[in-house]
Amino acid sequence: GGRAAGGSSSAKAAQEAAAQAVQARFGPLRKATVDRARRIAASKRGNKRKGGPGGEGAEGEDRKSRIDTQEDVAWAAALLAPMGLKVAGGEPVVRAPASSAAPVLEGLKALEGMPDFVALLRETQIGKVVAGYRHHPKPE
């Protein structure tokens, strides 16, 4: 027996088309961002988006990034520390703006409940990244 859902060539083609569209719109992107776009496209396949920017659910839930998978955690680490971590101190070399970081940090609160929590901390360095934000002199 093969895999039933998610493995079809049309699903893979849709994911690849989504990744290409995102890169065409925003330029070269990190692998973590492209992987996340592909996964979101696969999960949204067949679902029509209701409303536009500022439409239904624009408050509350939209201010928190959804962190469900290891790929999401890797994306969050790449977004929060786009240039990596400093050798001395382990803080991000460059921090994401507060408007981008706040929803991601809020979404990461669910990370503790993930099954491979300790492994995720080691593999993605998300713990070090978040600690760098906690110890920043500007708490915004």
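Among contacts in the protein chain between residues at least 6 apart in sequence, 61% join residues at least 24 apart. The model in which these contacts were counted is a predicted one. Its protein chain holds six helices and zero strands, so that, read from the N terminus, the order of elements is simply α-α-α-α-α-α. Of the 140 residues, 24% count as buried. The accessible surface of the chain amounts to about 9600 Å², and carbon and sulfur atoms account for 53% of that area.

Turning to the interior, the largest nonpolar core is made up of 20 residues. Val73, Ala76, Leu80, Leu108, Leu111 and Ile126 are the members with the most contacts inside this core. Two or more residues each are supplied by helix H3 (70-80), helix H4 (98-107) and helix H6 (126-134). Helix H3 makes the largest contribution, with six residues. A helpful place to start when viewing this region is alanine 76: leaving aside residues up to four places away in sequence, its contacts are Ile67, Val104, Leu108 and Ile126. Such an arrangement has a familiar background, as nonpolar side chains in soluble globular proteins tend to be buried together.

Charged side chains add a second layer to the picture, with six salt bridges found across the whole structure. Aspartate 72 takes part in two that are described here, one with arginine 36 and one with arginine 39. In the pair with arginine 36, nitrogen and oxygen lie 2.8 Å apart. This pair links distant parts of the chain, joining aspartate 72 in helix H3 to arginine 36 in helix H2 (residues 31-44) across 36 residues of sequence. For the pair with arginine 39, the N to O distance is 2.4 Å. Here too distant parts of the chain are linked, with arginine 39 in helix H2 and aspartate 72 in helix H3, 33 residues apart. Taken together, Arg36, Arg39 and Asp72 form a network of salt bridges.

The surroundings of these three residues can be described as well. Aspartate 72 and arginine 36 are both buried. Aspartate 72 counts as buried because its relative accessibility is 0%, under the 20% cut-off. Arginine 39, by contrast, has a relative accessible area of 25% and is therefore partly exposed.

Another salt bridge joins lysine 109 and glutamate 106, whose closest N and O atoms are 3.2 Å apart. Lysine 109 has 58% relative accessibility and so counts as exposed, while glutamate 106, at 34%, is partly exposed.

Note on methods:
Residues numbered from 1 in each chain as written. Predicted model: local features only at pLDDT ≥ 70, side-chain atom pairs only at ≥ 80, totals over all residues. Heavy atoms only, no water. Helix = DSSP H or I, 4+ residues; strand = E, 2+ residues; numbered from the N terminus. Buried < 20%, exposed > 50% of the residue type's maximum accessible area, 1.4 Å probe, protein only. Contact = heavy atoms within 4.5 Å. Areas by Shrake-Rupley, 256 points an atom, 1.4 Å probe, with all protein chains shown as cover. Core = buried A, V, L, I, M, F, W, Y, C linked by side-chain atoms within 4.5 Å. Salt bridge = Lys/Arg side-chain N within 4 Å of Asp/Glu carboxyl O.
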